[in-house]
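Let's take a walk through this one, starting at a spot on the outside and then moving on to the aromatic rings. Keep the viewer open as you read.

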Amino acid sequence: TPCFVFSGQLGYNVKYISEAAAHEAGHTFGLYHQSNYDANCVKISDYHYGTGTGEIGWAPIMGVGYYKNFTLWNNGPNPYGCNNLQSDLSVMTTGNGFSFRTDDHQSSFNQATTATITNNQFTVNGVITQSSDQDMFKFTMPANNRLVLNAIPYNVGTGNEGSDLDLQVTLFNSSQNALNVFNPGTLLSSIIDTTLNSGTYYLRVKGNAQGDPKTNGWSTYGCLGSYRITGSLAGGNPTAA
């Protein structure tokens, strides 16, 4: 089934082109629009324009994603009734000849992917493929040092524009006890800046849910996508994490 996105009609805006391409591709995989209804099941709009503001303002990909920073595949009502829930992911991964991609990193401590520190730095890449997906990484601090880590979701602009993933990173010690959970409430990326003793540590990465999906929040349902984590041993004193 062909579909077309005319870049010139979107002002050659990378964010707009990306949203239109994902939206129109969704139609070729059998998706209707995600619509908006009030509490009495009265349709407000055939298109769900999203909620919230700033970096975490979000909209369904099958609604109108142009004007919100953060867009997601959604499980919500389509234009044919407030009780006609359309699970975007279920529709796309059945009857189209493909399913979810193979998980790239395991979720258990004993199968954690090793992040090797070279020249006081390491980089790991991953994909949160489903709402239940958790990626586990292991690294070893050679000596007491300051760790600065940035976890960035794939995006097409400043402020993580166009991302489909709100990252949550948990830091564990060698005894597999959680030291801290990092997920700034108004950002899609996560930053760790802390001093650690020598030894083995673990990082768990997953998609984050926030608020009530019926109002202005979202679940982990469509909080999926690629990310990159860069870490460095910086020395000196940590800033606020």
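Start with Y49, which sits in the loop that runs between β2 (43-45) and β3 (58-60). Keep in mind that this is a predicted model. Y49 counts as partly exposed because its relative accessible area is 45%, and buried would need a value under 20%. Y49 also has company: together with Y47 and Y67 it makes up a nonpolar patch on the surface, and the three share about 360 Å² of accessible area.

Now hop to S45, in strand β2. With a relative accessible area of 19%, S45 is buried. A polar atom of the S45 side chain lies 2.8 Å from the backbone oxygen of Y47, and Y47 is one of the patch residues you just met. Setting aside neighbours within four places in sequence, S45 touches S35 and N36.

On to the rings. Y67, from the patch, turns up again in an aromatic cluster with Y16 and Y66. How many aromatic pairs are there? The count comes to eleven. One of them is F70 with W218, an edge-to-face pair at 4.9 Å centre to centre with 75° between the planes. F70 belongs to strand β4 (residues 70-72) and W218 to the loop between β14 (199-207) and β15 (225-233), so this pair ties together parts that are 148 residues apart in sequence. Both F70 and W218 are buried.

For a stacked pair, look at F122 and F139: 5.5 Å centre to centre, 25° between the planes. Here strand β8 (residues 121-128) supplies F122 and strand β9 (residues 134-141) supplies F139, so the parts tied together are 17 residues apart in sequence. F122 and F139 are both buried.

Terms used: Residues are numbered from 1 along each chain as its sequence is written. This is a predicted model: local features need pLDDT of at least 70, side-chain atom pairs count only at pLDDT 80 or more; totals for chains, interfaces and linings use all residues. Side-chain values use heavy atoms; hydrogens and water are left out. Patches are made of residues with over 30% relative accessible area and no salt bridge: like charges are joined within 9 Å, nonpolar side chains (Val, Leu, Ile, Met, Phe, Trp, Tyr) within 5 Å. Accessible areas come from the Shrake-Rupley method with a 1.4 Å probe; for residues, only the protein chains shown count as cover. A salt bridge is a side-chain nitrogen of Lys or Arg within 4 Å of a carboxyl oxygen of Asp or Glu. Helices (H or I, at least four residues) and strands (E, at least two) are DSSP runs, numbered from the N terminus. Buried means under 20% relative accessible area, exposed over 50%, partly exposed in between (1.4 Å probe, protein chains only). A polar contact is a pair of N or O atoms within 3.5 Å; within protein, one must be able to donate a hydrogen and the other to accept it, and residues adjacent in sequence count only if both atoms are side-chain atoms. Contact means heavy atoms within 4.5 Å. Rings of Phe, Tyr and Trp (its six-membered ring) pair if their centres lie within 6.5 Å; planes under 30 degrees apart count as stacked, over 60 as edge-to-face and the rest as tilted.
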